[in-house]
Amino acid sequence: PTSGGGGIVQCVSTTKTDTFTTASTSFVDVTGLSATITPKFSTSKIFVIVTTCGNTNGSKGYGRLMRGSTAIAVGDADGSTVQATFDMNNAGASNRGASYVGQILDSPATTSATTYKLQVRHENGSGNININRINSTDDSAVAGRYSSTITLMEFSV
């Protein structure tokens, strides 16, 4: 479409296949899990989907979607609670992983290049958040390796 025709205008996707680990108690970018889109229309909506797999140990973690430096698809502020897109439960055992998904239909209201990314943080730093892997580093059939994807679809409206 040349203007607001109601269809998909473009699609951008990034897949991360290497691993990422952090014990940070502040949100940090998951290296290599971001995608940039330049909307053709300022009225466009961007459908953002992130899927990842991994686990935490020592305690739980949190994941949140970001548009640039702005958190999106997070819960409302309520005292000292953590605003996040998803909760990452403690694995309980180092060989258990889980899949995590975040998505939002965002309205960036711009035609400038816009970067979306995933950030994670550990609850208390007593363990790690692991992306694309589990905590176990054994070379065995229980130590999986995974991939993560962030996909952006521009819809004209």
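Where is Tyr146 found? Tyr146 sits in the loop between β10 and β11. The sections below describe the surroundings of this residue after an account of the chain as a whole, in what is a predicted model.

## Overall architecture

The protein chain contains eleven strands and zero helices. Its pattern, read along the sequence, is β-β-β-β-β-β-β-β-β-β-β. The radius of gyration is 17 Å, close to the 15 Å that the globule rule gives for 157 residues, so the chain is as compact as a globular protein of that length. Taken along the principal axes, the C-alpha atoms fill a box of roughly 55 × 40 × 20 Å.

Of the 157 residues in the protein chain, 41% are buried. Among contacts with a separation of 6 or more, residues 24 or more positions apart account for 81%. The chain exposes about 7,400 Å², and carbon and sulfur atoms supply 45% of that area.

## The largest nonpolar core

In soluble globular proteins, nonpolar side chains tend to be buried together. In this model, the largest nonpolar core has 20 residues, of which Tyr116, Val120, Ile150 and Leu152 touch the most other members. At least two residues of this core are supplied by each of β3 (28-37), β4 (45-56), β7 (86-88), β9 (114-122), β10 (129-131) and β11 (148-155). The largest share, four residues, comes from β3.

Which residues are in contact with Val120, leaving aside its neighbours within four places in sequence? The set consists of Phe20, Thr22, Ser26, Phe27, Val28, Val30, Tyr62, Gly63, Met88, Ile129 and Ile131. Val120 is also one of the four residues that touch the most other members of the core.

## Strand β5 and its partners

Strand β5 spans residues 61-67 and is mostly covered, with six of its seven residues buried. It runs antiparallel to β9, and seven bridges join the two strands. Within this pairing, Arg64 has Gln119 of β9 as its bridge partner. Strand β7 is likewise antiparallel to β5, to which it is joined by three bridges. Here, Gly63 has Phe86 of β7 as its bridge partner.

A further antiparallel pairing, of three bridges, joins β5 to strand β6 (residues 70-72). The bridge partner of Arg67 in β6 is Thr70. The two strands form a hairpin with two residues between them, and Gly68 in the turn has a positive phi of about 60 degrees.

## Positive phi outside glycine

Ala73 is a residue other than glycine with a positive phi, near 55 degrees. Its place is in the loop between β6 and β7. Why does Ala73 count as partly exposed? The relative accessible area of Ala73 is 25%, and the partly exposed class lies between the limits of 20% and 50%.

Asn132 also has a positive phi, near 70 degrees, and is likewise a residue other than glycine. Asn132 lies in the loop between β10 and β11. With a relative accessible area of 0%, Asn132 is buried.

## Tyr146 and its surroundings

Tyr146 shares the location of Asn132, in the loop between β10 and β11. Its relative accessibility is 28%, so Tyr146 counts as partly exposed. Leaving aside neighbours within four places in sequence, Tyr146 is in contact with Lys16, Thr17, Cys53, Asn132, Arg133 and Ile134. Tyr146 and Ser99 are 47 residues apart along the chain, and their C-alpha atoms are separated by 9.7 Å.

## Lys16 in strand β1

Lys16, one of the residues in contact with Tyr146, belongs to strand β1 (residues 8-16). Is Lys16 buried or exposed? Lys16 counts as buried, because its relative accessibility is 3%. Its side chain is joined to that of Asp18 by a polar contact of 2.9 Å.

Beyond its neighbours within four places in sequence, Lys16 is in contact with Val30, Thr31, Gly32, Leu33, Asn132, Tyr146, Ser147 and Ser148. Asn132 therefore appears in the contacts of Lys16 and in those of Tyr146, and Asn132 itself is buried at 0% relative accessible area.

Definitions and conventions:
Residues are numbered from 1 along each chain as its sequence is written. This is a predicted model: local features need pLDDT of at least 70, side-chain atom pairs count only at pLDDT 80 or more; totals for chains, interfaces and linings use all residues. Side-chain values use heavy atoms; hydrogens and water are left out. A nonpolar core is a set of buried Ala, Val, Leu, Ile, Met, Phe, Trp, Tyr and Cys residues joined through side-chain atoms within 4.5 Å. Buried means under 20% relative accessible area, exposed over 50%, partly exposed in between (1.4 Å probe, protein chains only). Contact means heavy atoms within 4.5 Å. Two strands pair if DSSP finds at least two bridges between them. The radius of gyration is taken over C-alpha atoms; the globule rule is 2.2 Å times the number of residues to the power 0.38. Accessible areas come from the Shrake-Rupley method with a 1.4 Å probe; for residues, only the protein chains shown count as cover. A polar contact is a pair of N or O atoms within 3.5 Å; within protein, one must be able to donate a hydrogen and the other to accept it, and residues adjacent in sequence count only if both atoms are side-chain atoms.
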